[in-house]
Protein chains: 2
Amino acid sequence: MDSGGFFKSNVMNVAKSIKKTGKDDPRRVIHSLKVGLALTLVSLFYYSRPLYDGFGVAGMWAVLTVVVVFEFTVGGTLSKGLNRGCATLLAGALGVGAQHLAIAFGKKGEPIVLGALLFILAAGATFLRFFPRIKARYDYGVVIFILTFSLVTVSGFRVNEILELAEQRLLTILIGGATCMVVSILVCPVWAGQELHNLVASNIQKLANYLEGFQAEYFQDKQKSKSSLQGYKSVLGSKASEESLGNLARWEPGHGAFRLRHPWKQYLKLGALARECAYKIETLNTYLNPEIQECMELRCKFEEPCKIMSSESSKALKAISSSMKTMTAPSAAKCHIENSKTATKLLKVALETISLEDAQLIAIIPVVTIASILEEITKTVE
Amino acid sequence: MDSGGFFKSNVMNVAKSIKKTGKDDPRRVIHSLKVGLALTLVSLFYYSRPLYDGFGVAGMWAVLTVVVVFEFTVGGTLSKGLNRGCATLLAGALGVGAQHLAIAFGKKGEPIVLGALLFILAAGATFLRFFPRIKARYDYGVVIFILTFSLVTVSGFRVNEILELAEQRLLTILIGGATCMVVSILVCPVWAGQELHNLVASNIQKLANYLEGFQAEYFQDKQKSKSSLQGYKSVLGSKASEESLGNLARWEPGHGAFRLRHPWKQYLKLGALARECAYKIETLNTYLNPEIQECMELRCKFEEPCKIMSSESSKALKAISSSMKTMTAPSAAKCHIENSKTATKLLKVALETISLEDAQLIAIIPVVTIASILEEITKTVE
């Protein structure tokens, strides 16, 4: 291929991946436009002469706030905005206090006292960031605290008009933060709580799909495509995103079907159970390997109870998932779990009469028990 | 308890958790002191009159850079510093270009053209952040790009001395960034690469401990404590931290036993295999449940091969882990894996002679196969 063709194919590839990223989740495109909108709104404010004269250079803090605070979810934006506002206020007050203290030490002592205070506060606040609970919820606030405190002590040493500066800065941060929040809530909002709800529900759905596909694949029914057997892999690594969404959801006001203090922790528990179930499915999956040969005769004897177990567990998981989506009690799931429990008993009987082990079938048992635990937890959530 | 006592016990609790956090990893305390040191150094620079006169208010950008750029690992600091520097340079140049373009449209067209350009660039750059590869490595750079571009276009509209401002800002960011890098590399450095190496090695060690503990627990030897059976749980959720360390390690120069282009991707693959192994152990672990009753007579028949399998796999994993630490080829691991493979064959023979299944024993088989895959991968790493 010549260099022109190479370049062309490269551009085509990039265009394709841009299209794919946008298509996978159209809200990404909307989010990008929202950031552009918020930023343009704030700079319009900056362009209008009367307002500019009131704030001067401090106006750029509004722009800075928009860029740094605007996040994909409403919870993210609110959490960063509130963290930023509170931390600036606290650090500003402490900074002014530090100034007053330092002045008492005279012209020579002032920089030494300020330097020492800065060192102690920066080191202490940085250490705070290592606590898991603070890291999860207030990490950004602590960074802004260090930032503002050092700016106030350092600049205050020169400017001597800290109070006015602090007022300007707080006002501009307020303007920037408010713009972000308004745009992020009013224009096609993406709620972290709703995201978490959907993520957990779709994870359970994926497990159900796997069990359905496993049954078809293992007993060679061949009606289902293989794709349903891969979906569960994403459940294995979903811990980090579930936890961050859970943390952001706390910051959100009530929206849609969710109240202000929705039990988000229950979702994390449910997610953890779904993950445990996925770990077991991962083990189960290794037995689909065609290299492992078994006696077909034996397999037939186990076929009936195993089919019932996997299809009933799958139905139960689907019922849980859809009852989560509609936010009703999962009554249908209950009878499916009962069915699969009776199938487990049938299997045990079959195992006792026939002699020789079949690891695949045994491996389904924990899946069924997990499904029944899942069901109990779901009742508490809804 | 009276309110004074309550307050006292609260303070005691906080003090305890501070002590624990510091003791768990003393480098956290050192890191906090390093941040304090870097910040004090930069503000000392700000306090010295001759330098201050040269930079004016721009000096605060050095402080800002230190607070935002300084990370726990050297890789994190370098990645953020380089991202910040390059993004500021690029966005500054584009911002000046945008100004020149806007001026050509006359006094009235200027704010409209600038606003449109700002909207397009901010939306485009925000969209870029959704690409996983850019998100992992250049996320911070893109944020700084939007920030700098909007500051230059917005403030330039007023100040008309952009070039001088840009020069000052770049210089101060350079000073702040250089201070961070020097302090983070010279004072007790924490290398992301070394961290990744240790994390993967200790994860493999944890799996080995589990298998050792499992053997003792399941066959009631009772010599080992139960604590070794919990360690593997942390391996299950190690994906996110391994990936972020892997990304940061790319930014680091050669250090210790690691060259500049060390094959960090191999560590991620090894980590993924260790996780797969941990998933299987998670399933195995459910069989330790005392509620599940089995025939003791049967168990005795399987005891010998199973003990060999778990102890030899455990030894193989330990050998891999320690050969990683010393960075030598894992020759000892090979013979342990051979031993456990022969034990697997013994088990199969035992199973064929005796009739009735024992799921626990079958569940060990995949662990052994994973151990042998692990061994092959390790050879490619070292």
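## Nonpolar cores

In this predicted model, the largest nonpolar core has 74 residues, and those touching the most other members are Leu39(A), Trp61(A), Leu64(A), Leu39(B), Trp61(B) and Leu151(B). Residues of chain A and of chain B thus appear together in that list. Trp61(A) has contacts in both chains: Arg84(A), Leu151(A), Arg169(A) and Thr172(A) on one side of the list, and Met60(B) and Leu64(B) on the other, leaving aside residues up to four places away in sequence.

A second core, separate from the one just described, comprises 56 residues. Val235(A), Trp264(A), Tyr267(A) and Leu270(A) are among its members.

## Overall fold of chain A

Chain A contains 15 helices and 0 strands. Of its 382 residues, 52% are buried. When contacts in chain A between residues at least 6 apart in sequence are considered, 80% of them join residues at least 24 apart.

## A buried threonine between the chains

Helix α2 of chain B, spanning residues 27-47, carries Thr40(B). The relative accessible area of Thr40(B) is 15%, which is under the 20% limit, so the residue counts as buried. Residues up to four places away in sequence excluded, Thr40(B) touches Gly115(A) and Phe119(A), both of chain A.

## Aromatic pairs and charges over rings

Over all chains, the count of aromatic pairs comes to 10. One of them joins Tyr138(A) and Trp251(A) in an edge-to-face arrangement, with 6.2 Å from centre to centre and 85 degrees between the planes. This pair links distant parts of the chain, as its two residues are 113 residues apart. Tyr138(A) belongs to helix α7 (residues 132-159) of chain A, whereas Trp251(A) belongs to the loop between α11 (239-249) and α12 (264-286) of chain A. Tyr138(A) is partly exposed, at 38% relative accessibility, and Trp251(A) is likewise partly exposed, at 23%.

An aromatic cluster brings together Phe72(A) with Phe127(B), Phe130(B) and Phe131(B). Each chain also has a lysine placed over a tyrosine ring: Lys80(A) lies over the face of Tyr140(A), at 4.8 Å from the ring centre, and Lys80(B) lies over the face of Tyr140(B), at 4.7 Å from the ring centre.

## Cysteines

The structure holds 0 disulfides over all chains. For Cys86(A), the nearest cysteine sulfur is that of Cys180(A), 15 Å away. A disulfide requires sulfur atoms within 2.5 Å, so this distance rules out a bond for Cys86(A). Cys86(A) is exposed, with a relative accessible area of 54%.

In chain B, Cys188(B) is also in no disulfide, and the nearest cysteine sulfur, belonging to Cys180(B), is 16 Å away. Cys188(B) is partly exposed, at 43% relative accessibility.

## Confidence

The model scores ipTM 0.79 and pTM 0.80. Chain A has an average pLDDT of 75, and 69% of its residues score at least 70. Within chain A, helix α5 (residues 74-103) has the highest confidence, at a mean of 87, and helix α15 (residues 359-381) has the lowest, at 51.

Over residues 354-363 of chain A the pLDDT is below 50. Beyond near neighbours in sequence, this stretch nevertheless has 28 contacts in the model. Where pLDDT is low, predicted coordinates should not be read in detail.

Terms used:
Residues are numbered from 1 along each chain as its sequence is written. Chains are lettered from A and ligands numbered from 1 in the order in which they are written. This is a predicted model: local features need pLDDT of at least 70, side-chain atom pairs count only at pLDDT 80 or more; totals for chains, interfaces and linings use all residues. Side-chain values use heavy atoms; hydrogens and water are left out. pLDDT is the predictor's confidence in each residue, from 0 to 100. Helices (H or I, at least four residues) and strands (E, at least two) are DSSP runs, numbered from the N terminus. Contact means heavy atoms within 4.5 Å. Buried means under 20% relative accessible area, exposed over 50%, partly exposed in between (1.4 Å probe, protein chains only). Rings of Phe, Tyr and Trp (its six-membered ring) pair if their centres lie within 6.5 Å; planes under 30 degrees apart count as stacked, over 60 as edge-to-face and the rest as tilted. A charge sits over a ring if NZ of Lys or CZ of Arg is within 6 Å of the ring centre and within 35 degrees of the ring normal. A nonpolar core is a set of buried Ala, Val, Leu, Ile, Met, Phe, Trp, Tyr and Cys residues joined through side-chain atoms within 4.5 Å.
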